[in-house]
Amino acid sequence: ARRTAAATAIRAMNRPPRPVWRTLLEFTTNTSPRVRMQSLAALQALPPSQPHIVATYVQALNDPDPGVRCAAAQAISQSTSWATNADLSDGIVRTLGLRGSLGSNIVVKLTGLLLDPEPSVNTAAQRALVEIQTAMLK
């Protein structure tokens with residue numbers, strides 16, 4: 001309960017200070033789905049220029065909880081700066097140990113979520129794919 005409240009309070013700050021990042025990233029692996037969702041939501045207030053933050057969103061797309069998957073897709077749709085920033089994109093690929101481009105990896109994961117049994121996850125994935133396409137066309 002305290003961790004959920006802390007993540008909610010950090011999100012209310014609008015732009016949490018840098019020392020908070022590490023704590024929020026740790027909360028995204030908490031056993032409580034609610035804490036993981038709140039942590040992802042709080043991370044959205046941070047500038048998406050840190051590879052570890054975007055990498056956390058990508059990893060959360062595989063979460064067993066549909067609310068967390070939905071929050072991750074929403075975070076990705078609001079953090080598309082990696083689509084036009086090669087250095088950030090390369091940093092995320094290195095952080096996650098991915099093969100291929102970050103864009104192709106994210107699109108594959110989001111496309112898979114279009115078949116998710118939870119409608120909110122489908123909708124969030126659709127929105128994220130549209131935002132990615134829009135960002136890449138700019």
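A residue is called buried when its relative accessible area is under 20%. With that cut-off in hand, helix α6, which spans residues 86-96, offers a good place to enter this predicted model. Its buried residues are Leu88, Ser89, Gly91, Ile92, Val93 and Leu96. The cover over these buried positions includes α4 and α7. Just after α6 comes Gly97, with a positive phi near 65 degrees.

Stepping back to the whole chain, the fold contains eight helices and zero strands, and reading along the sequence gives the pattern α-α-α-α-α-α-α-α. Of the 138 residues in the chain, 45% are buried. Among contacts with a separation of 6 or more, 58% join residues that are 24 or more positions apart. The accessible surface of the chain comes to about 7,500 Å², and carbon and sulfur atoms account for 52% of that area.

The interior can be followed through its nonpolar residues. In soluble globular proteins, nonpolar side chains tend to be buried together. Here, the largest nonpolar core holds 38 residues, and the members that touch the most others are Ile76, Trp82, Ile92, Ile106 and Leu110. Helices α2 (19-27), α3, α4, α5, α6, α7 and α8 each supply at least two residues of this core.

Ile92 brings the view back to α6, where this residue is one of the buried positions. Apart from neighbours within four places in sequence, Ile92 is in contact with Pro51, Val54, Ala55, Trp82 and Leu102. The last of these partners, Leu102, is found in helix α7. With a relative accessible area of 1%, Leu102 counts as buried. Again leaving aside neighbours within four places, the contacts of Leu102 are Trp82, Ser89, Ile92 and Val93. Trp82 is thus a contact of Ile92 and also a contact of Leu102. For Leu102 and Ser89, which lie 13 residues apart along the chain, the C-alpha atoms are separated by 6.0 Å.

Helix α4 is the next element to consider. This helix is mostly covered, with seven of its 10 residues buried. The buried set consists of Ile53, Val54, Ala55, Thr56, Tyr57, Val58 and Ala60, and two of its members, Val54 and Ala55, are contacts of Ile92. Packing against the buried residues of α4 are α2, α3, α5, α6 and α7. Of these, α2 also carries Arg22, which counts as exposed at 65% relative accessibility. Arg22 and His52 are 30 residues apart in sequence, and their C-alpha atoms are 9.5 Å apart in space.

The pairing of α3 with α5 can be described in some detail. Two packed helices are described by the angle between their axes and the distance between the axes. For α3 and α5, the angle is about 5 degrees and the axes are 9 Å apart. Angles under 35 degrees count as roughly parallel, and α3 is therefore roughly parallel to α5. On the α3 side, the residues at this meeting are Pro33, Arg36, Met37 and Leu40, while α5 contributes Gly67, Val68, Ala71 and Ala72. An α-helix has 3.6 residues a turn, so residues three or four places apart point the same way.

Arg36, one of the α3 residues that meet α5, also takes part in a charged pair. Side chains of opposite charge can pair when their charged atoms come close. A search of the whole structure finds two salt bridges. In one, Arg36 pairs with Asp63, with the closest N and O atoms 2.8 Å apart. Arg36 belongs to helix α3 (residues 33-43) and Asp63 to the loop between α4 (51-60) and α5 (66-78), so this bridge ties together parts that are 27 residues apart in sequence. Both Arg36 and Asp63 are buried.

The other salt bridge joins the side chains of Asp116 and Arg69, with an N to O distance of 2.8 Å. Because Asp116 sits in the loop between α7 (102-113) and α8 (119-137) and Arg69 in helix α5, this pair ties together parts that are 47 residues apart in sequence. Asp116 counts as buried at 10% relative accessibility, and Arg69 is likewise buried, with a relative accessible area of 10%.

How values were computed:
Residues numbered from 1 in each chain as written. Predicted model: local features only at pLDDT ≥ 70, side-chain atom pairs only at ≥ 80, totals over all residues. Heavy atoms only, no water. Salt bridge = Lys/Arg side-chain N within 4 Å of Asp/Glu carboxyl O. Helix = DSSP H or I, 4+ residues; strand = E, 2+ residues; numbered from the N terminus. Buried < 20%, exposed > 50% of the residue type's maximum accessible area, 1.4 Å probe, protein only. Contact = heavy atoms within 4.5 Å. Areas by Shrake-Rupley, 256 points an atom, 1.4 Å probe, with all protein chains shown as cover. Core = buried A, V, L, I, M, F, W, Y, C linked by side-chain atoms within 4.5 Å. Axes fitted to C-alpha atoms, helices over the stretch in contact; angles between N-to-C directions. Parallel < 35°, antiparallel > 145°, perpendicular 65-115°, else oblique.
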